[in-house]
Amino acid sequence: MIYRECSPSSPIQVTGNDVLCNEGTKSNKHLGNIRYRALIKQHQPAFSLATTSPKEKTLISQRIVDIIKNRIPAGRFLQKNNIDGGWYEIEEAAALRKTERSLRGGNDDPIRCENAAALVNTDRGDRKRHV
């Protein structure tokens with residue numbers, strides 16, 4: 001999974017449209033996570049019936065990710081950095097994998113994301129960001 005680092009001068013402000021990819025009561029009670037779980041529940045029957053091709057299931061997952069991202073303000077899938085406490089937006093591929101797992105019911109906590117990151121140099125000098 002790849003992240004974008006938030007700079008100290010402009011940290012990511014969590015909104016009610018964001019999905020928090022952390023375990024725990026706070027994440028479960030977050031409005032964005034409640035809305036996300038409602039979307040998962042709404043789309044699970046179609047996902048279960050989509051047996052003809054994996055592409056069908058991916059399209060259903062993509063639809064949910066798109067719904068989150070097209071809200072105003074735009075929703076994001078965020079992971080908290082345990083070192084500095086900042087929030088990082090996970091890449092879309094990771095959001096899709098997480099959504100597919102949630103639709104399959106493959107874990108007890110549908111708001112959990114993997115913890116992996118790759119640092120890359122930005123064009124802003126020596127600062128690094130997760131992309």
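These exercises work through the fold, one helix and a few residues of the structure above.

The model is predicted, so local features need pLDDT of at least 70, side-chain atom pairs count only at pLDDT 80 or more, and totals for chains, interfaces and linings use all residues. Residues are numbered from 1 along each chain as its sequence is written, and side-chain values use heavy atoms, leaving out hydrogens and water.

**Exercise 1. State the order of helices and strands in the protein.**

Step 1. Fix the terms: helices (H or I, at least four residues) and strands (E, at least two) are DSSP runs, numbered from the N terminus.
Step 2. Take the totals: four helices and six strands.
Step 3. Read along the sequence: β-β-α-α-α-β-β-α-β-β.

**Exercise 2. Test the length of α3 against its expected span.**

Step 1. The expected span is 1.5 Å times one less than the number of residues.
Step 2. α3 has 16 residues, so it should span 22 Å.
Step 3. The end C-alpha atoms are 23 Å apart, which agrees.

**Exercise 3. Find the buried residues of α3 and say how they are arranged.**

Step 1. Buried means under 20% relative accessible area, exposed over 50%, and partly exposed in between (1.4 Å probe, protein chains only).
Step 2. Ile 60, Ser 61, Ile 64, Val 65 and Ile 68 are the buried residues of α3.
Step 3. Down the helix axis they fall within an arc of 135°, so they line one face. The arc is that of the directions from the helix axis to the C-beta atoms.
Step 4. Recall the geometry: an α-helix has 3.6 residues a turn, so residues three or four places apart point the same way.
Step 5. These buried residues pack against β2 (19-20), α2, β3 and α4 (92-104).

**Exercise 4. Describe the surroundings of His 43.**

Step 1. Place His 43: helix α2, residues 31-49.
Step 2. His 43 has a relative accessible area of 9%, so it is buried.
Step 3. Contact means heavy atoms within 4.5 Å. Leaving aside neighbours within four places in sequence, His 43 touches Ile 60, Arg 63, Ile 64, Ile 67 and Leu 103.
Step 4. A polar atom of the His 43 side chain lies 2.9 Å from the backbone oxygen of Leu 39.

**Exercise 5. Is Ala 93 buried, partly exposed or exposed?**

Step 1. Ala 93 sits in helix α4.
Step 2. Its relative accessible area is 37%, so Ala 93 is partly exposed.

**Exercise 6. Locate the cis peptide bond between Ile 72 and Pro 73.**

Step 1. Omega for this bond is about -5°.
Step 2. Pro 73 lies in the loop between α3 (54-69) and β3 (77-80).

Notes: Polar contact = N/O pair within 3.5 Å; in protein donor to acceptor, adjacent residues only side chain to side chain.
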